[in-house]
Amino acid sequence: MKKRDLISKRVRDISPSGIRKFFDLLASMEDVISLGVGEPDFVTPWNIREAGIYSLEKGYTTYTSNYGLLELREELAHYLKARYGLDYDPQSELLITVGVSEGVDLAMRAILDPGDEILVHDPGYVSYMPCTILAGGIFVPVPTTIEDDFKVKAKDIERRITPRTKAILLGYPNNPTGAVMDREELVKIAEVAQRHNLLVISDEVYDRLVYGVEHTSLPSLPGMKERTILLSGFSKAYAMTGWRIGYAAAGEEIIEAMVKIHQYTMLCAPIMGQMAAIEALKTGGTQVEEMVAEYDKRRRIMVQGLNDIGLTCFEPRGAFYTFPSIKSTGLSSEDFAERLLLEDKVAVVPGSTFGQCGEGHVRCCYATSLAEIEEALERMGRFVKRHRSI
Ligand SMILES: Cc1ncc(COP(=O)(O)O)c(C=O)c1O
């Protein structure tokens, strides 16, 4: 048997994440400033960590219900009602997942049959395409452009609908661009979904990280709760990436299908993380606001700084990323990122990692200290001066 044949065609066809290559390189270097990793530089707030410690002290070290702790689902139902006016039954319409990462996988596998198409904005988060392929679906990119601040348009979605289209996936506030959708356009997308009887997977993991604009939760729009799988979690807003807690909210039939997969693959999310998440929902609100205010400060400095050094940058209103254009250097986004890392020791992620429409841009994460951001901007300024082509 040839070695190649050991691995399934589906897995062979998936390319490894472009982000990983840079982090392998980065790990072998010293004095690098990383604007690469998409995670908060804050430690999980103390009271939330304490809840995790308490769970261990009390000996809560068991499995939970496949759906997750009922207390957490109840807190979540209150939270979604208070924040977005959403009504989910904690018994049957909420599922606690191992991060939003698992939620994306479960949602795809629960709804896609082989050959079903899913429409996804380009650029978008790196896991959307591989999860589609692993579920046997067909990933159909919907281009977005800097001219539209990377917001996906209902008419561009509708144009790509075929008889095989099953769902639309929206990931806003967006990774990698920082774009936030306007309510008006979301209403139009909701109408498209209803007109063509499509489901929508809405990844709202950055819902709390918005600056001067409002995030509209897709299932809160009229007629959308029943056709939306809402995915969100604790990683970004509460600085809890390592706890691996996310959730899915949807109609009973869909949640039941997702639980079917989850119970055989994950069984349940870790109990300590679930107990910490209860505390986050109960008392973490102020801490989220403090972190958001800090990100906002850094966001403004980074956007201004990038524009000043000649990397044109539209104003991102959400998440914690800027997505400047690197066209003035004439380099591809891969070359730009690799050379910047090797020559001036700043790590950014090539825009092409997130889809074809990401080419010509790099992703810079500002969830890092102001001092590091300022030093990174200095270094990038020197790099751009040396490589300016136009
Ligand atoms: C858009 C988006 N969705 C999902 C995830 C995964 O989040 P989690 O840590 O909850 O698995 C990320 C992480 O970067 C993300 O950016």
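**View 1. Lys 236 reaches the ligand with a polar side-chain atom.** Start here: an N or O atom in the side chain of Lys 236 is 2.6 Å from an oxygen atom of the ligand. Tyr 206 also takes part, with a side-chain N or O atom 2.7 Å from a ligand oxygen. For Asn 175, the distance from a polar side-chain atom to an oxygen of the ligand is 2.8 Å. Each of these pairs fits the description of a polar contact (a pair of N or O atoms within 3.5 Å; within protein, one must be able to donate a hydrogen and the other to accept it, and residues adjacent in sequence count only if both atoms are side-chain atoms). On its own, the ligand has 400 Å² of accessible area, and the protein covers 93% of that. Such areas come from the Shrake-Rupley method with a 1.4 Å probe, and for residues only the protein chains shown count as cover.

A word on reading these views: the model is predicted, so local features need pLDDT of at least 70 and side-chain atom pairs count only at pLDDT 80 or more, while totals for chains, interfaces and linings use all residues. Residues are numbered from 1 along each chain as its sequence is written, and side-chain values use heavy atoms, with hydrogens and water left out.

**View 2. A shell of residues surrounds the ligand.** Which residues are around the ligand? They are Gly 99, Val 100, Ser 101, Tyr 125, Tyr 128, Asn 175, Asp 203, Val 205, Tyr 206, Ser 235, Lys 236 and Arg 244; each has a heavy atom within 4 Å of the ligand. Sorted by type, five are nonpolar, four are polar and three are charged. Here Ala, Val, Leu, Ile, Met, Phe, Trp, Tyr, Cys and Pro count as nonpolar, Asp, Glu, Lys and Arg as charged, and the others, Gly among them, as polar. Helix α5 (residues 99–111) gives the largest share of the shell, three residues. Helices (H or I, at least four residues) and strands (E, at least two) are DSSP runs, numbered from the N terminus. The ligand sits in the largest pocket. On a 1 Å grid over the protein atoms alone, a pocket is an open set of points with protein on both sides within 12 Å along at least five of seven lines, where a 1.4 Å probe fits. To sit there, a molecule needs more than half of its atoms within 2 Å of the grid points.

**View 3. Ser 101 and Arg 244 are two members of the shell.** Ser 101 lies in helix α5 and is partly exposed, with 36% relative accessibility. Buried means under 20% relative accessible area, exposed over 50%, and partly exposed in between (1.4 Å probe, protein chains only). From Ser 101 to Cys 131, 30 residues away in sequence, the C-alpha distance is 9.4 Å. Arg 244 belongs to the loop between β7 (228–233) and β8 (246–249). Arg 244 is partly exposed too, at 29% relative accessibility, and its phi is near 60°, a positive value in a residue other than glycine.

**View 4. The loop between β5 (165–170) and α8 (183–195) holds Thr 177.** Is Thr 177 buried or exposed? Its relative accessible area is 0%, so Thr 177 is buried. The side chain of Thr 177 meets the side chain of Asn 174 in a polar contact of 2.7 Å. That side chain of Thr 177 also reaches the backbone nitrogen of Ala 179, at 3.1 Å. Pro 173 lies in this loop as well, after a cis peptide bond from Tyr 172 with omega near -10°. Pro 176 is another residue of the loop, and the bond leading to Pro 176 from Asn 175 is cis, with omega near 25°.

**View 5. Phe 150 has a positive phi.** This residue sits in the loop between β4 (138–143) and α7 (154–159). The phi angle of Phe 150 is near 60°. With a relative accessible area of 2%, Phe 150 is buried.

**View 6. Ser 325 and Asp 335 bring us to helix α12 and the loop before it.** Ser 325 lies between β9 (321–322) and α12, in the loop, and is buried at 11% relative accessibility. A polar side-chain atom of Ser 325 is 3.3 Å from the backbone nitrogen of Lys 327. Asp 335 is part of helix α12 (residues 333–344), and its relative accessible area of 37% makes it partly exposed. Although Pro 350 is 15 residues away along the chain, its C-alpha atom is 8.2 Å from that of Asp 335.

Technical notes: 1 Å grid on protein atoms, 1.4 Å probe; cavity = no way out; pocket = protein on both sides within 12 Å on 5 of 7 lines; lining within 4 Å.
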